[in-house]
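Hi,

Here is the structure I promised to pass on to you. Have a look at it first, and then read my notes underneath.

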Amino acid sequence: MNSMIRLRGLRKRFDHIEVLKGIDLDVAEGEVLGVIGASGSGKSTLLRCLDFLEVPDAGEITLDGRAVDAAHATKADVRYLRRHTAMVFQLFHLFTYKTALENVMEGLVTVQKLDKVTAEAVSRDLLDRVGLGDRVDHFPSQLSGGQQQRVAIARSLALNPKVMLLDEPTSALDPESIAGVLAVIRDVAAEGRTMVIVSHEMNFISDIADQVVFLNDGEILERGTPAQVLGAPATERARQFLARANLTLSRAA
Amino acid sequence: MLFDFGLVFRQIPKILKYLPVTLEIAVAAMAFSLILGFLVALIKIKRVRVLTPLAGFYVSFTRGTPILVQLYATYYGIPFFLQFCNAKLGTDWNVNGVPPIVFALVALALNDAAYSSEAIRAAIVAVDRGQVEAAHSIGMTTWQTLRRVVIPEALVIALPSLGNAFIGMIKGTSLVFVCAVVDMTAAGRMLAARNFRYFEMYVSLAIIYWVITLVVARLLVVWERRLRRDARGVKGLAPTEGGTRDELDDSTARLTQKV
């Protein structure tokens, strides 16, 4: 399989805390990578370094064959990474004064310079796909959290990114909305799009991911198939974390 | 007659002839002020080296001195500066040929920009940082993000204070007579000098300024409502129609009801 993402020695430090201590990672084309770990383990930072929302200090990011030296990234490098990845955020971050349709169209019109008619057709199709065909003229403040997140997914998909980055996409949602959002993500994964998902939804990760990494203190402690990492973790730390995660899961159920 | 009520209203059309001058100065000075205020705000937000302390000095100095002093300072300062350039740089500017309105525009714009820059800075900072990241993540450049996401949202936040600044600007134009510009107030003073009915004249002027600010304040409210697009309901979906509301899930219904 083609390599889509290749990370070598990715490092990031905030003041005195080293958040990423040299991450090596490979994601093949069409693969879904699940990233799990406790809060503060560096999951989100890892994801955000991939499209330079955080600027990594050192290391190499290779996206679909083009290598970017993190320490000396040019503007063109950053543009390349951002154009070919799209982030879905925990808190959606839809544009307040744009309708659902305009939110999805924004990247097509402004970044890809598509004409408005085509952009609108593409965007309507995408909103249909995420089950919001009847909400195109709603503003974010008129949509529920789950609906906003589905619009946000459509907004990312509109740019046809090589890689979708999802940063705890269901953490801010109620249990009923979660199902809808996960269904949409599953649908996107099924079409063979490469994805990196940071999530605490262990069942979902085990279901959808081809590869799982367990991050602890800025290092990858475990990596392998969901069955390996979630089912039979090798380290004590991962066992501890998963035991607690499962405990909260069963309590919630 | 101690106080001529009729005159107060009879002379209004005469001074209204100078209303265009007042409005032109106010609008032009406001436009320059917004551009300068925006630049100063960006300098402060981006913490540009050298320029940031300069901007801080400018804002502090301008807010710390009276507008009347600033008008006189530009009135005498600009010719002085031109003379200085002619002497030192060999230029050949006509020191006495500067149109009076230039002094008024420069002073009013510089004065207002100091205040506006703070309102603009606060508004830009208040825009949800996550939306800026979302814009970046779909590949928008810094400038595109500013133009398409940050400015439209910051404008809604800054509009009330910028609106007040504009109203202040309209009233501030009444001082431009010190720069030899004939606006409404200056024209009124000259008219009143003929019959010594100064009090009636100032009452007329007060009425005109008051009506103008009422109209401007009203327009600003309408404009703000237009900018807050999401508060105007959904196209083809009236929140009061029972049938449509049933289709919405709870959270959506709750939100649209509020509208």
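**Where the chains meet**

The contact draws on 32 residues of chain A and 33 residues of chain B. Please keep in mind that this is a predicted model.

Between them, chain A and chain B bury about 2,900 Å², and 54% of that lies on carbon and sulfur atoms. On the chain A side, Phe95(A), Tyr97(A) and Gln142(A) lose the most area to chain B; together they make up 25% of what that side buries.

On the polar side of things, there are three salt bridges between chain A and chain B. One of them pairs Glu106(A) with Arg148(B), with 2.7 Å between the closest N and O atoms. The two chains also have 12 residue pairs in polar contact, counting pairs with both residues at pLDDT 80 or more.

Which elements of chain A give two or more residues to the side that touches chain B? They are β6 (85–88), α3 (100–111) and α5 (145–158) of chain A. Of these, α3(A) gives the most, with five residues. Sorted by class, that side of chain A has 11 nonpolar, 11 polar and 10 charged residues.

**A pocket lined by chain B helices**

You may also like the second largest pocket, which holds about 430 Å³ of space. Its lining comprises 14 residues, and those nearest the centre are Lys46(B), Arg129(B), Val132(B), Leu146(B) and Val150(B). Four elements of chain B give two or more residues each to this lining: α3 (19–46), α6 (100–126), α7 (129–137) and α8 (142–172). The largest share, five residues, comes from α8(B). By class, the lining of this pocket has nine nonpolar, three polar and two charged residues.

**A cavity in chain A**

Finally, how many cavities of 30 Å³ or more are there? The count comes to one, and about 30 Å³ of space lies in the largest cavity. Its lining is made up of Ile5(A), Leu7(A), Leu25(A), Val27(A), Leu33(A), Leu50(A) and Val196(A). Both β1 (3–14) and β2 (17–28) of chain A supply at least two of the lining residues. In terms of class, the lining of this cavity has seven nonpolar residues, with no polar and no charged ones.

That is what I have for now. Happy to talk it through whenever suits you.

Best wishes

Definitions and conventions. Residues numbered from 1 in each chain as written. Chains lettered and ligands numbered in written order. Predicted model: local features only at pLDDT ≥ 70, side-chain atom pairs only at ≥ 80, totals over all residues. Heavy atoms only, no water. Contact = heavy atoms within 4.5 Å. Buried area = accessible area lost by both parts, 1.4 Å probe. Salt bridge = Lys/Arg side-chain N within 4 Å of Asp/Glu carboxyl O. Polar contact = N/O pair within 3.5 Å; in protein donor to acceptor, adjacent residues only side chain to side chain. Nonpolar A, V, L, I, M, F, W, Y, C, P; charged D, E, K, R; others polar. 1 Å grid on protein atoms, 1.4 Å probe; cavity = no way out; pocket = protein on both sides within 12 Å on 5 of 7 lines; lining within 4 Å. Points joined across faces, edges and corners; volume = space filled by probe spheres on them.
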